[in-house]
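Biologist: Could you pick one part of this model and go through it slowly with me? I'd like to see how you get from the atoms to a description, and then how that part fits with the rest.

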Amino acid sequence: MTVLKTKDDEISVSSSERLLEELPRERLAWMLQRMCEIRYFEEKAEDLYIRGLVHGTMHLSIGQEAGSVGSIATLRPDDLIIHHHRGHGHTIAKGADLTIMMAEFLGRETGFCRGRGGSMHIADIAGGNLGATGVVGGGIPTAVGIALALQMHRSDQILLSYFGDGATNEGEFHESLNMASTWKLPVVFICDNNQYGMSMHMSKVMNIEKISIRAASYGIPIFIAPPKKSMTGNTNARSNASRKFWLMRL
Ligand SMILES: Cc1ncc(C[n+]2csc(CCOP(=O)(O)OP(=O)(O)O)c2C)c(N)n1
Ligand SMILES: [Mg+2]
């Protein structure tokens, strides 16, 4: 019988600091470099957007760098991600070529989607980034399908599925988590919780304090990375957090 887990695993400050000490300096340097790359890339992208040079619209993830880098740092190179409309950080953390990415923003043939997808639809299949969608919550059922395929192929790869707090109000979020949990699929759900959907604070659209109880209600173990601890807090993800739901409070 599956036991419904209601208590969150919160990373304490001391365990987070211990991880900082345990991680090799080269790994920490890699993580810091990736976070800086994301920040500088997005600042440049915003500059180009303001000047009217970027095709379509664009959503920056400034301030959310640690969640992307910390979670992806736990993966093997052949593991997979599927993300959402605010996905520059995930894409860069997964190792996307920045020149090809910028070419996509500028509508060039040399971009990841030959300039047709723009900021919200970057996929880098060779790099294990299976793409994003502008449909809020749209990537979550797709992630469940991909995870089912991994399970059917007896693969030991895992998939990280990113979405925002607003996406957890969508019906497909609930259906997907129920199926993933029931079938024990190799997917880690990661909520990039910036507390807002458009300009609406989550307290106005959810009568709960912690989004993670939604995952708990489907029998999925929860792991919460507290503010500013998400980078170090995520470092054990691959080994022990498969099939977990993570709530990033950034
Ligand atoms: C199905 C759907 N409904 C509404 C929208 C319009 N929309 C675009 S972004 C957004 C807010 C999403 O909030 P959240 O999931 O928290 O992500 P965030 O933008 O905060 O990263 C909405 C409602 C959409 N793109 N798709
Ligand atoms: Mg949000």
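Modeller: Let's begin with a rule of thumb: a residue is exposed if 12 or fewer other C-beta atoms lie within 10 Å of its own, buried if 20 or more do, and partly exposed in between. Keep in mind that this is a predicted model.

Now try the rule on R154. It has 6 other C-beta atoms within 10 Å, so R154 is exposed. You'll find R154 in the loop between helix 6 and strand 3, which covers 159-164. There's something else to notice about its backbone: R154 has a positive phi of about 55°, although it is not a glycine. As background, most residues other than glycine have a negative phi.

R154 follows helix 6, and that's the part I'd like to look at closely: helix 6 and its partner, helix 7. Helix 6 runs over residues 139-152 and helix 7 over residues 171-182; their axes come within 8 Å and cross at roughly 20°. How do we put that angle into words? Angles under 35 degrees count as roughly parallel, and helix 6 and helix 7 are therefore roughly parallel to each other. Their crossing is left-handed. And which residues make the contact? From helix 6 come I140, P141, V144 and A147, and from helix 7 come E172, F173, S176, M179 and A180. Sort the residues of this contact by class and you get 7 nonpolar, 1 polar and 1 charged.

Let's stay with helix 7 and look on either side of it. Before it, in the loop between strand 3 and helix 7, sits G166. Is G166 buried or exposed? It has 22 C-beta neighbours inside 10 Å, so G166 counts as buried. Leaving aside its neighbours within four places in sequence, G166 is in contact with V136 and G197. G166 also lies 8.7 Å from V205, C-alpha to C-alpha, with their positions 39 residues apart along the chain.

Remember those three names, G166, V136 and G197, as we turn to ligand 1. The ligand is surrounded by 14 residues, and the closest are R86, V136, G164, G166 and G197. The shell around ligand 1 is a mix, with 5 nonpolar, 6 polar and 3 charged residues.

On the other side of helix 7 is the loop that leads to strand 4 (187-193), and K184 sits in that loop. Phi of K184 is near 50°, a positive value in a residue other than glycine. With 13 C-beta neighbours inside 10 Å, K184 counts as partly exposed.

Another loop residue meets this stretch of the chain. Y218 lies in the loop between helix 8 (212-216) and strand 7 (222-225). Skip its neighbours within four places in sequence, and Y218 is in contact with L177, N178 and S181. The C-alpha atoms of Y218 and E175 are separated by 9.7 Å, though the two are 43 residues apart along the chain. Y218 has 19 other C-beta atoms within 10 Å, so by our rule it's partly exposed.

To practise reading helix pairs, take a second one. Helix 2 (residues 25-50) and helix 3 pack at an angle of about 140°, with their axes 9 Å apart. That angle makes helix 2 oblique to helix 3. The crossing of helix 2 and helix 3 is right-handed. Where do they touch? M31, R34, M35, I38 and R39 in helix 2 meet E65, A66, S68 and V69 in helix 3. This contact divides into 5 nonpolar, 1 polar and 3 charged residues.

Helix 3 covers residues 65-72, and G67 is part of it. G67 counts as buried because it has 28 C-beta neighbours inside 10 Å. Its C-alpha atom is separated by 9.8 Å from that of N193, although G67 and N193 are 126 residues apart along the chain.

Finally, step back to the whole chain. It has 10 helices and 8 strands. Of its 250 residues, 42% count as buried. And among contacts between residues at least 6 apart in sequence, 72% join residues at least 24 apart.

Definitions and conventions: Residues are numbered from 1 along each chain as its sequence is written. Chains are lettered from A and ligands numbered from 1 in the order in which they are written. This is a predicted model: local features need pLDDT of at least 70, side-chain atom pairs count only at pLDDT 80 or more; totals for chains, interfaces and linings use all residues. A residue is near a molecule or strand if its C-beta atom, placed from the backbone, lies within 6 Å of it. Ala, Val, Leu, Ile, Met, Phe, Trp, Tyr, Cys and Pro count as nonpolar, Asp, Glu, Lys and Arg as charged, and the others, Gly among them, as polar. Axes are lines fitted to C-alpha atoms, for helices over the stretch in contact, and angles run from 0 to 180 degrees between N-to-C directions. Helices (H or I, at least four residues) and strands (E, at least two) are DSSP runs, numbered from the N terminus. Angles under 35 degrees count as roughly parallel, over 145 as roughly antiparallel, 65 to 115 as roughly perpendicular and the rest as oblique. A crossing is left-handed if the near helix is turned anticlockwise from the far one by less than a right angle, and right-handed if clockwise. Two residues are in contact if their C-beta atoms, placed from the backbone, lie within 7 Å.
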